[in-house]
Amino acid sequence: MFLDQDKNNSDNVKTPSHRSARWRIAIGVLVLVGALSYFAFLAFDSATVYFYTVAEMNEHGPTSPGEIVRVNGKLLQESFIRKDGETSARFTLTDGTESIYAHHDGVIPDLFFNEHSEIILEGTFGTDGIFVSRSVIVKCPSKYEAVEEGSD
C-alpha cells in the first residue's frame, strides 16, 4: 500500500521539463498571435484609400508613385467623350465649384450618366492634371422625382 501512494504522489509532481514545455507553448502562441496581428495590420493598411472632393484633389496635387486615392464628384454631361468601339473615356468631374479632368479605360456603369449620381473614381492624379481612374463607383441617386398619377 505504501508503494502505491508513493507512485501516485510522483505522478502529480511537475518536473522542470513540464514547465519548460508549457513556456515553449506559451511563447509559440504569443509569436503566432503577434505575427497574425502584424499581417492583419499590413492588410488593413494597404486597403485604406484616401477620399477627396474635387477641390481637395486639386489642392493636394499629384499623387506619389503607387499612391491610390479616391475623388468624389458629379459628371459634367457635355464633357463625356468615348469613341465608338473603344473602352477608353475622357470626362470632367465637378463638385459644383471646381472641376477635374479624368480618364478611365474600362466598363462604366449605367448610373454614371444620371445627373443626380455621385461618382467616385479610384486611381492616381498625374502631374498633367488628369485623374487616371482604375475603377468607377457610382452612388445611387439620392434625388428622385415623384411620378404624378394619371400621367403616362
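**Ser133 and the nonpolar core in a predicted model**

Modeller: In this predicted model, a polar contact of 3.0 Å joins the side chains of Ser133 and His104.

Biologist: In which strand is Ser133 found?

Modeller: The chain holds 3 helices and 6 strands. Along the sequence these follow the pattern α-α-β-α-β-β-β-β-β. Ser133 belongs to the strand covering residues 130-139, namely β6.

Biologist: Does Ser133 count as buried or exposed?

Modeller: Buried means under 20% relative accessible area. Because the relative accessibility of Ser133 is 7%, this residue counts as buried.

Biologist: The backbone oxygen of which residue lies 2.9 Å from a polar atom of the side chain of Ser133?

Modeller: The side chain of Ser133 has a polar contact with that of His104. Besides this, a polar atom of the Ser133 side chain lies 2.9 Å from a backbone oxygen, that of Ser135.

Biologist: Which residues does Ser133 touch, not counting those up to four places away in sequence?

Modeller: Contact means heavy atoms within 4.5 Å. With residues up to four places away set aside, Ser133 touches His103, His104, Asp105, Leu121, Glu122 and Gly123.

Biologist: Which elements give two or more residues to the largest nonpolar core?

Modeller: This core has 19 residues, and Met57, Phe91, Leu93, Phe112, Leu121 and Phe131 touch the most other members. Two or more residues come from each of α3, β2, β3, β4, β5 and β6.

Biologist: What share of the residues of the chain counts as buried?

Modeller: The chain has 152 residues. The share that counts as buried is 23%.

Notes: Residues are numbered from 1 along each chain as its sequence is written. This is a predicted model: local features need pLDDT of at least 70, side-chain atom pairs count only at pLDDT 80 or more; totals for chains, interfaces and linings use all residues. Side-chain values use heavy atoms; hydrogens and water are left out. Helices (H or I, at least four residues) and strands (E, at least two) are DSSP runs, numbered from the N terminus. Buried means under 20% relative accessible area, exposed over 50%, partly exposed in between (1.4 Å probe, protein chains only). A polar contact is a pair of N or O atoms within 3.5 Å; within protein, one must be able to donate a hydrogen and the other to accept it, and residues adjacent in sequence count only if both atoms are side-chain atoms. A nonpolar core is a set of buried Ala, Val, Leu, Ile, Met, Phe, Trp, Tyr and Cys residues joined through side-chain atoms within 4.5 Å.
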